[in-house]
Amino acid sequence: QKAYWKQGVSGTCLAFDSYTSRIGIPGSSASITDEFSLEAWVAVGAYPFNWDPIVQQSEYGESGFYFGVGPSGKITLSLMTGFWNTLVTDYELPLRKWVHVVANFADGVASIYVDGQEVASKTFKGSFQAAKEDFIIGFNSHEQIPGDPVRPDCHECHTPVLFGFDGLIDEVKILDKALTPDEIYDSFLLLSPDQSVIKRPDLQ
């Protein structure tokens, strides 16, 4: 498939069209065990039909993790620890602006950071159960019914579909250890993109 390269927060980044764009990394090439940190710079072009991932390695609802964005811009970290746990922020990602996001999990505590600051956390019981599926950036591996339908009571009117992220994703990091709050803040400051870049992502 064709890759759409755009100006990122550092050099170039990839643009995702929400319909076909994705990056796949074989699950056999990397493994996450009992703790991890997921990091990226994102610029949302349009909110998704339902939940879509920034990065995920999951059999959704059965194993692995899912770090994504919802239809109003809220951020989620979902993962399996004996049952499917979900943390969702009250914070909503803005449209057409670069934001640094991090999902952290260690010692049963899930947390989400935005621009170096914690915006949500929750304690999950049980041990993390990793998935064997591929790591996928910017696209779902399970079909969903789009949220907020015009006819909410007509279930036969809504067909589950595959969709993904609409916007720009840059500087993705998947770590097999959890970062400390100071490390997350330092990572946010590391690139220090100018406000002219932050407020004007390379989106059509």
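User: In this predicted model, is Y185 buried, partly exposed or exposed?
Analyst: The relative accessibility of Y185 in this predicted model is 34%. Buried would require a value under 20%, and exposed a value over 50%. Because its value falls in between, Y185 counts as partly exposed.

User: Where does Y185 lie, and what distance separates its C-alpha atom from that of G116?
Analyst: Y185 has its place in helix α1, which covers residues 181-191. Along the chain, Y185 and G116 are 69 residues apart. In the model the C-alpha atoms of Y185 and G116 are separated by 4.1 Å.

User: What separates the C-alpha atoms of A43 and P94, and is A43 buried or exposed?
Analyst: A43 belongs to strand β4, made of residues 36-44, and 51 residues along the chain lie between the positions of A43 and P94 when counted as their separation. The C-alpha atoms of this pair are 8.1 Å apart. With a relative accessible area of 0%, which is under the 20% limit, A43 is buried.

User: Which residue offers a backbone oxygen 3.4 Å from a polar atom of the side chain of Q57?
Analyst: Q57 lies in strand β5, residues 52-59, and its relative accessible area of 3% makes Q57 a buried residue. A polar atom of the Q57 side chain lies 3.4 Å from a backbone oxygen, and the residue that carries this oxygen is A131.

User: Which residues gather in a patch of negative charge on the surface?
Analyst: One member of the patch is E133, which is found in the loop between β11 (117-123) and β12 (135-137). E133 has a relative accessibility of 33% and therefore counts as partly exposed, and that value also passes the requirement of over 30% for patch residues. The residues gathered in this negatively charged surface patch are E59, E62, E133 and D134.

User: What is the phi of E171, and where is this residue placed?
Analyst: E171 has its place in strand β13, which runs over residues 166-175. Its relative accessible area is 29%, so E171 is partly exposed. Although E171 is not a glycine, its phi is positive, at about 55°.

User: Where is S192 placed, and what value is its phi near?
Analyst: S192 is placed in the loop between α1 and α2, the latter covering 195-198. S192 is a residue other than glycine, yet its phi has a positive value. That phi is near 45°.

Key. Residues are numbered from 1 along each chain as its sequence is written. This is a predicted model: local features need pLDDT of at least 70, side-chain atom pairs count only at pLDDT 80 or more; totals for chains, interfaces and linings use all residues. Side-chain values use heavy atoms; hydrogens and water are left out. Patches are made of residues with over 30% relative accessible area and no salt bridge: like charges are joined within 9 Å, nonpolar side chains (Val, Leu, Ile, Met, Phe, Trp, Tyr) within 5 Å. Accessible areas come from the Shrake-Rupley method with a 1.4 Å probe; for residues, only the protein chains shown count as cover. A salt bridge is a side-chain nitrogen of Lys or Arg within 4 Å of a carboxyl oxygen of Asp or Glu. Lys and Arg count as positive and Asp and Glu as negative; His and the chain ends are not counted. The place of a charge is taken as NZ of Lys, CZ of Arg, CG of Asp or CD of Glu. Helices (H or I, at least four residues) and strands (E, at least two) are DSSP runs, numbered from the N terminus. Buried means under 20% relative accessible area, exposed over 50%, partly exposed in between (1.4 Å probe, protein chains only). A polar contact is a pair of N or O atoms within 3.5 Å; within protein, one must be able to donate a hydrogen and the other to accept it, and residues adjacent in sequence count only if both atoms are side-chain atoms.
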